[in-house]
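Student: Could we go through this model together, one question at a time? I'd like to see how each answer is reached.

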Amino acid sequence: MEQRDREIARELKDRLAEIVPLVDFRVFGSRARGDRDEYSDLDVFIEVESLDRNLEDKIHQAVWEVGFAHSVYISPLIFTRYELENTPLRSSPIVKNISEEGVKV
């Protein structure tokens, strides 16, 4: 992962930590692998204990603000711990890919 992407992800993680306790935060996809192009978004995986509509809106607002400040589109995947441990999501290909290839920030 490029240094600029790591810095943006760190800023976003810090910003989100002010809003919600994070269980896990990772960058995945082309930027994490280092094979991005000029149009690639910054894919981030966000795991939280619990989530309601108000909190989700706050997370999306922070994601948009950090992305706008750095002229990059940030695409968040937000899941609760319960969803990842107790629903079919635990065996979904995207979640497996994130756990194997995602870069912790």
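**Helix 3 and its surroundings**

Tutor: Start with the packing: the buried residues of helix 3 pack against helix 1 (3–17), strand 2 (42–48) and strand 3 (74–80). This is a predicted model, where local features need pLDDT of at least 70 and side-chain atom pairs pLDDT 80 or more, while totals for chains, interfaces and linings use all residues. Numbering starts from 1 along each chain as its sequence is written, and side-chain values use heavy atoms, with hydrogens and water left out.

Student: Which residues of helix 3 are buried?

Tutor: Buried means under 20% relative accessible area, exposed over 50%, and partly exposed in between (1.4 Å probe, protein chains only). Helices here are DSSP runs of H or I with at least four residues, strands are E runs of at least two, and both are numbered from the N terminus. By that cut-off, the buried ones in helix 3 are Leu-55, Ile-59, Ala-62, Val-63, Val-66 and Gly-67.

Student: How many degrees around the axis do they cover?

Tutor: The arc is taken from the directions from the helix axis to the C-beta atoms. An α-helix has 3.6 residues a turn, so residues three or four places apart point the same way. The buried residues sit on the same side of helix 3, because their arc is only 125 degrees.

Student: And which residues are exposed on the other side of helix 3?

Tutor: Use the exposed cut-off this time. Opposite the buried side of helix 3, the exposed residues are Arg-53, Trp-64, Phe-68 and Ala-69.

Student: How far apart are the end C-alpha atoms of helix 3?

Tutor: The expected span is 1.5 Å times one less than the number of residues. For the 18 residues of helix 3 (residues 53–70) that should come to 26 Å, and the end C-alpha atoms agree, being apart by 26 Å.

Student: Which residue caps the N-terminal end of helix 3?

Tutor: Look for a side-chain oxygen by the backbone nitrogen of Asn-54; the two lie 3.2 Å apart. A polar contact is a pair of N or O atoms within 3.5 Å; within protein, one must be able to donate a hydrogen and the other to accept it, and sequence-adjacent residues count only if both atoms are side-chain atoms. The capping residue is Asp-52.

Student: Is Thr-80 buried or exposed?

Tutor: Thr-80 belongs to strand 3. Contact means heavy atoms within 4.5 Å, and beyond its neighbours within four places in sequence, Thr-80 touches Glu-47, Val-48, Glu-49, Ser-50 and Leu-51. Its relative accessible area is 10%, so Thr-80 is buried.
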